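Visitor: I am new to this structure and would be grateful for a close look at its interior. Please describe the enclosed spaces first, and then the side-chain contacts that accompany them.

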Protein chains: 2
Amino acid sequence: MPMPTSDRPARRSAGRPANSTITREAIVNVALDQLDRVGAHAFSVRDVARSLDVYPSTIYWHVESKEALLAEVASLVMTGAIPPRGSGDWKTWLRSLFKRYRKAVLKHPNVAQLLGAQLVSNASLSIDLIEGVISVLLEAGATEANLREAYNCVISAMTGFMTMELAPMPLDDPKGWAAALEGRVRSIDPLEHPTLTRHLHLLANKAFILRWQNGSQVPLTSSFNAHVEIFLAGLEVFLSQENDSVD
Amino acid sequence: MPMPTSDRPARRSAGRPANSTITREAIVNVALDQLDRVGAHAFSVRDVARSLDVYPSTIYWHVESKEALLAEVASLVMTGAIPPRGSGDWKTWLRSLFKRYRKAVLKHPNVAQLLGAQLVSNASLSIDLIEGVISVLLEAGATEANLREAYNCVISAMTGFMTMELAPMPLDDPKGWAAALEGRVRSIDPLEHPTLTRHLHLLANKAFILRWQNGSQVPLTSSFNAHVEIFLAGLEVFLSQENDSVD
DNA sequence: ACCTGAACACCGTTCAAGT
DNA sequence: ACCTGAACACCGTTCAAGT
């Protein structure tokens, strides 16, 4: 059957509709819903069209590609994640940035895959974020010689951890796969890997590579917080290193 | 035409072949080639089958799924990236780990997408890596109270930066997209974003969000090195914090 | 045991045609 | 301007059937 959905009774005829509900904004909202439900891998523009009860080609009148749609979705999730300036020193501002980013992404865990590994980030992360990071780094003592490096490290610190934390589990057979990994983890040879064996109880299902559930089911909050503090402490050391010629 | 390839003259008939060239290993090697050429997004098991001049279903006799195949490819790239124990102190070992990881991934940039954002990492990163990281962290002074956090930060520091650095550019229209971003970057309003404008020359095409080529075309080596040093310095601070009860 | 060949249930995207 | 309807060129995966 050629209908987008089989149970919807009223079929819209061609031409400009009286009630123009199919806006770009509506498409993006539905797309975010889809992404939340099925993940980036199973996300399809045909499903978005089905939810809106239109043909797939309709989507392409409002949006240029699947990629552009996902970029828009990602930037929707990111709105409001940048802290205002003037709230404390550089460490406070960066800490606030990281925490706001985490909060925003945890509301829609599947966007982490977009922000980290697809260059969607280029379109989704705002110019204001960049301006804020640079200002704060200069305030922290960054120079022409190390500003670029410090900036790149801030952006990667912001996104990197959560990209891994929220990486998707294998799609099919989630139960069997989890059981298999759990079995593999629990049957590690104590003779070959004594240290791992001794500390496995601390790590099982709460550490990268050794877990069978991802961050949306088992958040790694304390590790993320450690990650932030490690980065801030390290950045301070890094920025104070080449300052022998300044003072 | 039903043939997998149209130009190959000799078509294999069904049944067990005399020269059994289609091994699991051969499939993984061809898959790595494919991944290097087309990227994770365009990678298809049908293309792998075409390269081997067999039907797609043949692949599925040797390998359980596309996902499992990519996991195998990733772990192939990772072999040998773990430094041997006993070479210096914990900082030296971790630095060596990060540099080896970078070297291995740069040889096959498209696996970065697999290692970072898909949970392929679970299958691809080895148990030996875990054992090494834990040992070295204990040597560095990690306790039961912070081992898990430190471990998670090491793994994320290893993969996070490069996942972003090697994130794929938009597939279609790469030239137009690059020009568009370049234009957008160069036309930033100096009044609204004065700091960014002043330092844009340092960042253009060499910084996250502000670049139009990815890490395989424009490597961010100095930033990665800074990232490593920032992490190591920060980790040292982190591990020495709760040690007031020890000495 | 290992492969063919066909089929199933999907995709993203394009484009003429309608109103 | 905005949508239909059909089509194109693909996918991953399954499964009976061959040898």
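Guide: What follows is an account of the cavities, then of the aromatic rings, and finally of the charged pairs. The model is a predicted one.

Over the whole structure, a search finds two cavities of 30 Å³ or more. The largest of them has a volume of about 130 Å³. Its lining is made up of 16 residues, and those closest to the centre are A:Ala157, A:His227, B:Ala157, B:His227 and B:Phe231. The elements that contribute two or more residues to this lining are helix 9 (147-165) and helix 12 (221-241) of chain A, together with helix 9 (147-165) and helix 12 (221-241) of chain B. By class, the lining of the largest cavity holds 10 nonpolar residues, six polar residues and no charged residues.

The second largest cavity encloses about 40 Å³ of space. Chain A lines this second cavity with A:Gly116, A:Thr159, A:Gly160, A:Thr163 and A:Met164, and chain B lines it with B:Gly116, B:Thr159, B:Gly160, B:Thr163 and B:Met164. Helix 9 of chain A and helix 9 of chain B each supply at least two residues of that lining. Here the classes divide into two nonpolar, eight polar and no charged residues.

The aromatic rings may be taken next. Six aromatic pairs are found over all chains. One of these joins B:Phe161 to B:Phe208 in a tilted arrangement, with 5.4 Å from centre to centre and 55 degrees between the planes. This pair links distant parts of the chain, since B:Phe161 belongs to helix 9 of chain B, while B:Phe208 belongs to the loop between helix 11 (194-203) and helix 12 of chain B, 47 residues apart. Both B:Phe161 and B:Phe208 are buried. In chain A, ring pairs gather A:Phe161, A:Phe208 and A:Phe224 into a cluster. A charged side chain accompanies that cluster: A:Arg102 lies over the face of A:Phe224, at 4.7 Å from the ring centre. In chain B, B:Arg102 lies over the face of B:Phe224, at 4.7 Å from the ring centre.

The last topic is the charged pairs. Side chains of opposite charge can pair when their charged atoms come close. The count comes to 14 salt bridges over all chains.

One of them is formed by A:Arg50 and A:Asp47, whose closest N and O atoms are 3.1 Å apart. Both residues lie in helix 2 (residues 45-52) of chain A, where A:Arg50 and A:Asp47 are three residues apart, about one turn of the helix. A:Arg50 has a relative accessible area of 38% and is therefore partly exposed. A:Asp47, with a relative accessible area of 25%, is partly exposed as well.

Another salt bridge connects A:Lys91 with A:Glu236, the closest N and O atoms being 2.7 Å apart. This pair links distant parts of the chain: A:Lys91 stands in helix 5 (residues 90-107) of chain A and A:Glu236 in helix 12 of chain A, 145 residues apart. A:Lys91 is partly exposed, because its relative accessible area is 21%, and the cut-off for a buried residue is under 20%. A:Glu236 counts as partly exposed at 39% relative accessibility.

In chain B, the side chains of B:Glu72 and B:Arg24 meet in a salt bridge of 2.5 Å, N to O. Here too the pair links distant parts of the chain, with B:Glu72 in helix 4 (residues 66-78) of chain B and B:Arg24 in helix 1 (residues 24-42) of chain B, 48 residues apart. B:Glu72 counts as partly exposed at 30% relative accessibility, and B:Arg24 is partly exposed with a relative accessible area of 28%. In chain A, salt bridges that share partners join A:Arg24, A:Glu64 and A:Glu72 into one network.

One further residue may complete the picture. A:Ser57 has its place in helix 3 (residues 56-62) of chain A. At 53% relative accessibility, A:Ser57 counts as exposed, because exposed means over 50%. The C-alpha atoms of A:Ser57 and A:Arg85 are separated by 43 Å, and the two residues are 28 residues apart along the chain.

Note on methods
Residues are numbered from 1 along each chain as its sequence is written. Chains are lettered from A and ligands numbered from 1 in the order in which they are written. This is a predicted model: local features need pLDDT of at least 70, side-chain atom pairs count only at pLDDT 80 or more; totals for chains, interfaces and linings use all residues. Side-chain values use heavy atoms; hydrogens and water are left out. On a 1 Å grid over the protein atoms alone, a cavity is a set of points where a 1.4 Å probe fits but cannot get out, and a pocket is an open set with protein on both sides within 12 Å along at least five of seven lines; lining residues have an atom within 4 Å of a point. Grid points are joined across faces, edges and corners, and a volume is the space filled by probe spheres set on the points. Helices (H or I, at least four residues) and strands (E, at least two) are DSSP runs, numbered from the N terminus. Ala, Val, Leu, Ile, Met, Phe, Trp, Tyr, Cys and Pro count as nonpolar, Asp, Glu, Lys and Arg as charged, and the others, Gly among them, as polar. Rings of Phe, Tyr and Trp (its six-membered ring) pair if their centres lie within 6.5 Å; planes under 30 degrees apart count as stacked, over 60 as edge-to-face and the rest as tilted. Buried means under 20% relative accessible area, exposed over 50%, partly exposed in between (1.4 Å probe, protein chains only). A charge sits over a ring if NZ of Lys or CZ of Arg is within 6 Å of the ring centre and within 35 degrees of the ring normal. A salt bridge is a side-chain nitrogen of Lys or Arg within 4 Å of a carboxyl oxygen of Asp or Glu.
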